[in-house]
Every structure is written in C-alpha cells, then in structure tokens.
Amino acid sequence: MKARKSKKRAPSFRKLLKTSKVKLDNKLKNKQYKQQSTVKKYRKEQRKLRQAVKDVVSKKPLPLEDGKQIYRAQRTEEEEEEALPLDMMDEDDLQLLKDLGQMPSFLTRDLSSSEPVHVKKRKQESIIDKYEKVPRRLPTEPEKEVIHLLPIKDKCGIIPQTREKPVVQSNTNEEEEEEMESEKVVPEVPMPKLTTEEYIIERRRKLQEKKIHIAALASAILSDPDSNIKKLKELRAMLMEQDPDVAVIVRKLVMVSLMELFKDITPSYKIRPLTETEKASKVRKETQKLREFEEGLVSQYKFYLENLEQIIKDWKQRKLKKSNVVSLKAYKGLAEIAVKSLCELLVALPHFNFHNNIIVLIVPLMNDKSKLISEMCFEAVQKLFKQDKLGHASLGVVKVISGFVKSQNYVVRPELLKSFLYLRIKEIEVKKDTEDINAPRKFMNYKEKRKSLSRMQRKWKKAEEKLERELREAEASESTEKKMKLHTETLNIVFVTYFRILKKAQRSPLLPAVLEGLAKFAHLINVEFFDDLLVVLHTLIESGELSYRECLHCVHTAFHILSGQGDVLNIDPMKFYTHLYKTLFKLHAGATNQDVEIVLQCLDVMLTKRRKQVSQQRALAFIKRLCTLALHVLPDSSIGILATNRGLMHTFPRTDLLLDNESQGSGIFLPELDEPEYCNAQNTALWELHTLRRHYHPVVQRFASHLIAGAPSEGSEALRPDLSRRSATELFETYSMKTMTFNPPVMSANPSKKDKIFHVDSYLNEDLNQLIRTHCNETAIQLPLDFTRYLKASVQ
C-alpha cells in the first residue's frame with residue numbers, strides 16, 4: 001500500500017510575511033513563561049521534598065506496639081468471649097450471614113456505622129452530623145505523614161489511596177548535609193591583639209597592596225580601553241571598600257583615579273543610545289567591539305557619577321551607614337574629593353553625556369556653607385565660561401543658576417552672579433560688528449558683465465566667483481549662526497535675572513554683582529530700556545539704603561550704558577557727576593582700598609571717554625579734588641589718582657592753569673560746595689603736588705614732580721615707559737598694598753650728615769633743671785595703695 005501523503009503543507013514565504021510580528025513575539029513569550037513555570041514547579045517540589053525529609057528526621061521514633069494496639073487486642077478478646085457460637089444460631093440467620101458475606105458491599109462497608117446497606121445519600125445532610133459520625137481517634141495514636149495518591153473509582157464510589165512517607169536517612173542526602181553545615185554556628189576566632197606599631201605597619205601593608213591593585217587596573221584600562229573596559233567595574237567596586245583601616249584613603253584614591261581615567265579614555269563626541277533597528281542589524285566585528293566599548297563606558301560613567309552624588313548626599317545628611325566603616329568625621333573629606341572630581345569633569349568633558357547632570361549638582365554647591373567647596377565650584381564654572389567657545393555648556397549653567405537664584409528667593413552668595421562676568425559673549429559681538437562693517441562684495445549680474453567685460457574676462461570672472469562662493473561657504477559657518485543664537489538666549493536669561501533683582505530684591509547683597517554685570521553687558525542692552533534703567537539707578541542712589549561701594553557700582557553702570565549706544569540719547573547725567581564729586585572724600589587710608597579701583601574706572605568712563613560732553617569747569621573741579629584726595633590715601637591709591645590726573649591734563653590741555661598761582665576770572669574757590677560746575681576751581685592751584693613731592697614712596701614723588709612740570713612727554717621730568725604706558729587701574733594693581741609691603745621698598749630716612757646732638761635739658765631753665773634732678777634723685781617710698789580712699793572721695 002502506498003503511504004498516504006500529508007495534506008498539511010509548509011507555510012509559504014508570503015504567508016510567513018503576513019504573520020504578525022506581535023504574534024511571533026507572543027508565542028516566544030508564552031514558551032518562555034511555560035519554561036519558567038516548569039522550572040518553578042520543579043524547584044517547589046524539591047523544596048517540599050527537602051522539608052518533608054527534614055521533618056521526618058526531626059521526629060522521634062515510636063514503639064511498634066503502642067497503647068492503642070494493646071487496647072484493640074484486649075477488646076477483640078473480650079468480644080470473642082462474649083460472641084455466641086455459630087451452633088447456637090438459627091439456620092435462617094446463618095444463611096443470611098453467608099449471603100451477606102458473598103456480596104462485595106459487605107467487604108467495603110464500614111461496619112462501625114449504623115446505616116443500612118442500601119440507604120441512599122441524603123442531599124440535605126448537615127455538615128455537623130457528618131462530622132459527628134466520623135469515628136474519633138485516641139490521643140495515644142501517633143500522627144503519621146502520608147502521601148496522597150490518585151483515588152480508585154469503583155461501582156460503590158471513589159476510594160482514596162494514601163501511602164506513608166518514606167524515611168530517608170540524613171547521611172544519604174548531600175543537600176541536607178550542606179544545609180545543616182550552613183546552619184551550624186561557626187565560632188569566631190578572636191583576632192590577635194596588635195600593638196600600635198604593629199597596627200601601623202599592618203595598615204601600611206594593606207594600603208600599599210590596594211594602591212598597587214588600583215595602579216594595575218588603571219594601567220590595564222589605559223593600555224587597551226576597548227578590551228579592558230570591564231575592569232572599570234572592578235575599579236569602581238573599590239569605592240565600597242569595607243576594610244575600616246584603609247577605607248577612607250582607598251575610596252579617595254579610587255575617585256581620583258576614575259576621574260583621570262574618564263578624562264583620558266572618553267571620546268570627543270557624545271555617545272547616543274542605539275535604536276532597535278541598529279541593534280538588530282548585522283555589523284562588522286570592529287563596529288560591534290566599538291559599540292560594546294561605548295555602551296560599557298557610558299554605563300560605568302553613569303554609575304560613577306551616581307556614586308559621587310551619593311557621597312555628597314551622605315555628607316549633607318550626616319547619617320551614619322549601617323556598615324559603620326567610615327566615620328562621620330571622614331564624610332567631609334570624601335565629599336571634598338567627590339566635589340573636586342565633579343568640577344574636573346565639568347571643565348574637561350563639556351561635550352560628553354550627563355554634563356547637564358553634573359551642572360545640576362555643582363550649581364547648588366556654589367552656595368554651600370563650606371568655603372572650600374563653594375570656591376572649588378565657582379572656579380570650575382569660571383573656567384568653563386572662559387574656555388566655552390560655542391556656548392552650549394554656558395547656556396546650561398546660566399539656566400540652572402538663574403533658576404536656583406529664583407528658587408532661593410535671591411538669598412544666595414554673590415559669587416553665583418559674579419560668575420556671569422566671565423561669559424565670552426562680548427568677543428563674539430565684536431566679531432559680528434566687524435563683519436557688518438566689512439560687508440561682503442556683491443557679485444556682478446549678467447548685464448553688468450556684458451557691458452563692461454569681454455568674453456574671455458567673463459569666463460575668468462565666472463570661475464573666480466565660483467571659487468569665492470565655495471570658500472565663503474567653507475569659512476562661514478553654521479557655527480557662527482549657532483553661536484549668535486546661543487549667546488542671545490544666554491544674555492536674555494542673564495538680563496532677566498538682573499532685572500528681577502533690581503525690581504524685587506534691591507536690598508539684597510547681590511546688587512553689586514548685578515550692577516557690575518550690567519556695566520559689562522551694557523552695550524548689549526536694548527536702547528529702549530536705557531531711560532528706565534537710569535531712573536532706577538538714580539533712585540537707588542538717592543534712597544540712602546546702599547553702601548558706598550554699591551553707589552559707585554550704580555554710577556559705573558550708568559556711564560557704561562551712556563558710553564555705548566546711549567550716545568544717541570539726549571540725557572544729561574549731571575546728577576551722577578555731582579554724586580561722585582560729593583562722595584570722593586569717603587575714601588581714605590582707614591577705609592577699604594578696594595573702592596579706589598571702582599572710582600578710577602568711573603573717572604575713566606565719566607571724564608576721559610566722554611571728554612566731548614565734559615566742560616572745562618567740571619574737569620578743573622575733579623582734578624583739584626583728586627589732588628586733595630591723594631594726600632589721604634595709601635601709596636597705591638595715590639599713584640592711581642595721580643595717573644588719572646595726568647590723563648585728564650592731557651585730555652583737557654587748558655587745565656594747566658591750576659599749576660599757576662594766579663587766579664582766573666572772578667570769585668574764589670569754594671571747596672565745600674558739592675557742585676563741580678560752580679565751585680570756581682579755576683581760582684585755585686594744585687599746592688598738594690608740592691607736599692606729595694616729599695612723599696615717602698618714590699613713585700608718588702616721581703608722579704608729583706612730573707605733574708608740577710606740566711606732565712611733559714619728553715625731557716628730564718618725563719615718566720619712564722613702564723609708568724607712562726600703563727593705565728591708572730593697572731598702576732594701582734601693580735603697586736598694590738595687599739601684602740602689607742611697599743613696592744618698591746621704602747628706604748629709611750637717615751640723615752646724611754651727623755649733626756651735633758643737643759640734650760633736651762640744654763633748652764630748659766637752670767632752676768627747672770635743678771628741680772628735675774632733685775626730684776629724680778629722691779628715693780621712692782613704697783606705700784600701700786588704697787584705692788577705696790579715692791573711690792569714697794569721688795562718691796562724696
């Protein structure tokens with residue numbers, strides 16, 4: 001016979017394509033779930049079997065003949081004695097018993113029950129009655145563990161089947177032995193007590209072993225990062241060092257080592273996660289190896305940052321760990337190393353993954369109570385702003401700082417806003433202005449070429465224009481447009497932060513930083529805001545709630561605004577000139593020397609850069625007052641002020657009349673008047689320069705002599721190039737008194753000739769000298785001091 005062919009055909013390729021991917025995934029998942037459930041059932045059965053064996057082993061053996069068996073034997077004997085012999089029964093009764101014995105129901109029936117044989121089950125029989133009918137067991141019967149088997153179904157019903165559990169000896173079960181061994185309590189071996197010297201030697205040995213291990217792992221990773229990327233995990237695991245003797249030092253070393261490793265092996269691009277399509281596609285071995293390296297690097301870098309964050313949180317919360325390996329005192333040292341590592345990564349890897357997460361960690365720490373940590377974070381942000389050419393990282397930091405300042409209700413350290421002064425926005429704007437001035441040359445159209453050029457010239461012109469277009473596309477770059485967009489967004493956030501503080505927190509200690517920032521970025525502010533800003537600044541000065549330094553910042557900001565685009569506006573800042581002229585004498589040798597630098601910057605912006613808007617009377621009044629101020633301040637401030645006067649005398653040549661002692665015009669000089677325009681400064685002279693000519697500082701003497709001679713640029717009274725080419729602010733910083741030393745050192749004033757020394761008594765009267773000698777030669781009598789006498793006299 002021919003074998004019948006199977007009608008079932010293999011599915012075609014088209015049919016397979018129609019099959020839903022979801023359906024295939026579901027089938028795979030169901031198959032996996034079945035396998036898992038099978039494994040779980042097998043484990044559960046094995047667990048039950050072990051528990052049963054353990055229970056059997058734990059029970060005590062019972063005797064074979066127990067009380068119940070004896071009781072049953074006695075009872076059967078008594079029943080046999082009481083039973084009637086068969087020969088005393090009737091024939092009918094015997095026949096009935098024989099018939100019943102041959103019936104199968106007789107054998108299976110429970111003889112202890114009083115129910116008839118053929119009685120049907122009652123449907124409404126109560127549970128209590130059934131329970132009462134079940135025979136009781138005597139308490140002497142031991143409980144036996146049984147295994148329930150499959151029941152047997154018969155004509156009369158279902159017969160349950162059971163079997164006693166087999167007793168397995170403990171020495172045959174290996175797993176039970178293992179569990180028993182694990183449960184045994186191993187007595188702890190007491191560590192030998194070490195002396196202090198032995199303890200130090202042992203600690204050094206452990207620390208040396210850890211250092212060698214860290215160095216070996218780091219060297220292996222640096223030698224071949226692609227193959228040894230898994231060793232980063234091993235090195236990172238040492239951050240959880242549990243040996244209390246070396247835990248703190250090892251964790252610090254591992255943190256720094258990992259930070260340096262990530263700086264070295266991290267690529268110069270951001271690693272993005274792979275899509276599902278890319279994961280499913282087949283690639284070359286080199287590409288797959290690169291993918292594995294990038295994936296491992298990103299995951300380990302993420303875990304490392306999480307570890308650093310956890311260390312900082314532990315220090316903030318001051319909570320002791322359960323392991324008690326590191327003490328609370330060591331938390332601060334670990335946190336400082338963690339913050340230092342984060343700062344280094346913030347500056348070194350602004351392009352890599354999780355940079356925004358590092359910014360979110362660093363910015364709140366700039367406001368930390370610990371001065372060391374806040375300074376580290378401030379310096380890191382400052383470096384980031386200085387080296388960020390494109391602006392992505394700067395924008396991220398500015399956003400976080402602005403949000404943090406607002407969330408803290410403007411009660412933060414001024415360093416957060418001072419960091420804005422290091423943004424590289426001004427340089428890009430300067431380049432943009434030069435591009436606008438030097439506009440690109442326009443190309444000639446076809447008609448212009450035909451009129452002015454020949455055929456060969458047109459051909460060469462076409463090739464030249466094509467080449468020029470290609471060069472322009474290569475140079476001009478999208479980066480320039482991106483930079484402008486990023487810097488515009490950054491400046492908007494900076495100005496929003498500044499204006500919020502000016503509006504809502506005018507008494508905040510952040511105000512000097514705000515005014516300084518406005519002074520720096522004033523050329524980028526929209527002209528529409530200038531008038532309102534000047535009104536706000538003047539209101540702040542007139543309120544009297546600002547310190548002298550903050551008032552100087554207001555003046556400096558106002559003139560920075562007016563010196564740029566503000567030249568277009570018709571605004572007379574006479575009130576700011578008056579305020580500065582009136583408050584100059586608040587500077588003196590007993591006050592802070594930091595304010596002099598701001599005053600020098602204000603004078604440069606107010607008088608030198610706005611020379612066309614400054615009258616001669618105003619210039620004369622400021623020169624006179626500055627010479628008077630030079631007598632009251634420290635040498636470095638005197639040098640800066642005299643350098644400013646030198647610049648003003650060059651800017652306003654007619655001010656040399658102050659070097660003449662003849663008066664010009666009517667009236668007398670009124671130094672107590674606060675209006676520089678009406679104090680008649682032309683009727684005075686710079687007599688202060690002759691006093692400064694005898695100053696103890698040689699540079700002050702040189703400047704005073706130079707100004708008395710009319711500030712010449714040539715001749716014997718001209719200044720050296722190192723003094724004449726520097727601005728007043730640079731000279732003030734060069735000859736600074738911060739170290740409490742003179743630069744150059746001041747020579748002691750020793751007389752050149754040894755004059756005859758006169759005794760003091762030679763000038764006194766002879767009688768008076770005799771009286772002094774007599775009084776000095778008298779022997780002093782020691783008497784007890786009685787202060788109460790004078791006290792009583794004063795009370796009376």
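Q: Buried means under 20% relative accessible area, exposed over 50%, and partly exposed in between, using a 1.4 Å probe and protein chains only. By that yardstick, does Leu305 count as buried or exposed?
A: A heads-up first: this is a predicted model, where local features need pLDDT of at least 70 and side-chain atom pairs count only at pLDDT 80 or more, while totals for chains, interfaces and linings use all residues. Residues are numbered from 1 along each chain as its sequence is written, and side-chain values use heavy atoms, with hydrogens and water left out. Leu305 is found in helix H12, helices being DSSP runs (H or I) of at least four residues and strands (E) runs of at least two, numbered from the N terminus. Its relative accessibility is 7%, so Leu305 counts as buried.

Q: How far apart in space are Leu305 and Met259?
A: Along the sequence, Leu305 and Met259 are 46 residues apart. In space, their C-alpha to C-alpha distance is 9.8 Å.

Q: How far apart are the end C-alpha atoms of helix H12?
A: The expected span of a helix is 1.5 Å times one less than its number of residues. H12 has 33 residues (285–317), so it should span 48 Å. The model agrees, since its end C-alpha atoms are separated by 48 Å.

Q: Which residue takes a positive phi just after H12?
A: The phi here is about 55 degrees. The residue in question is Arg318.

Q: Tyr410 has a positive phi although it is not a glycine; is Tyr410 buried or exposed?
A: Tyr410 sits in the loop between helix H16 (392–407) and helix H17 (415–418), with a phi of about 65 degrees. Its relative accessible area is 8%, so Tyr410 is buried.

Q: What C-alpha separation do Arg413 and Asp368 have?
A: Arg413 shares that stretch of chain with Tyr410, in the loop between H16 and H17. At 25% relative accessibility, Arg413 counts as partly exposed. Asp368 is 45 residues away along the chain, and the C-alpha atoms of the pair are separated by 8.7 Å.

Q: What is the relative accessible area of Ala711?
A: Ala711 is another non-glycine with a positive phi, about 55 degrees. It is found in the loop between helix H30 (698–708) and helix H31 (721–724). Ala711 is buried, because its relative accessible area is 6%.

Q: Which residue does Glu717 pair with in a salt bridge?
A: A salt bridge puts a side-chain nitrogen of Lys or Arg within 4 Å of a carboxyl oxygen of Asp or Glu. Here the closest N and O atoms of Glu717 and its partner are 3.5 Å apart. The pair links distant parts of the chain, with Glu717 in the loop between H30 and H31 and its partner 15 residues away in helix H30. That partner is Arg702.

Q: Which residue forms a salt bridge with Lys263?
A: The closest N and O atoms of this pair are 3.9 Å apart. Both residues lie in helix H10, three residues apart, about one turn of the helix. Lys263 is partly exposed at 27%, and its partner is Glu260.

Q: How many residues apart in sequence are the parts tied together by Asp243 and Lys206?
A: The side chains of Asp243 and Lys206 meet in a salt bridge at 3.3 Å, N to O. Asp243 lies in the loop between helix H9 (231–237) and helix H10 (247–265) while Lys206 is in helix H8, so the parts tied together are separated in sequence by 37 residues.

Q: How many salt bridges does the count come to?
A: Side chains of opposite charge can pair when their charged atoms come close. Glu202, Arg205 and Glu209 are linked in a network of such bridges. The count comes to 16.

Q: What accessible area do Leu194, Tyr199 and Ile200 have together?
A: Patches take residues with over 30% relative accessible area and no salt bridge, joining like charges within 9 Å and nonpolar side chains (Val, Leu, Ile, Met, Phe, Trp, Tyr) within 5 Å. Tyr199, found in helix H8 (residues 196–223), is partly exposed at 38%. Areas come from the Shrake-Rupley method with a 1.4 Å probe, and for residues only the protein chains shown count as cover. Together the three form a nonpolar surface patch of about 270 Å².

Q: Asn743 leads into Pro744 through a cis peptide bond; what is its omega?
A: Pro744 is in the loop between helix H32 (728–734) and helix H33 (766–777). The cis bond from Asn743 has an omega near -5 degrees.
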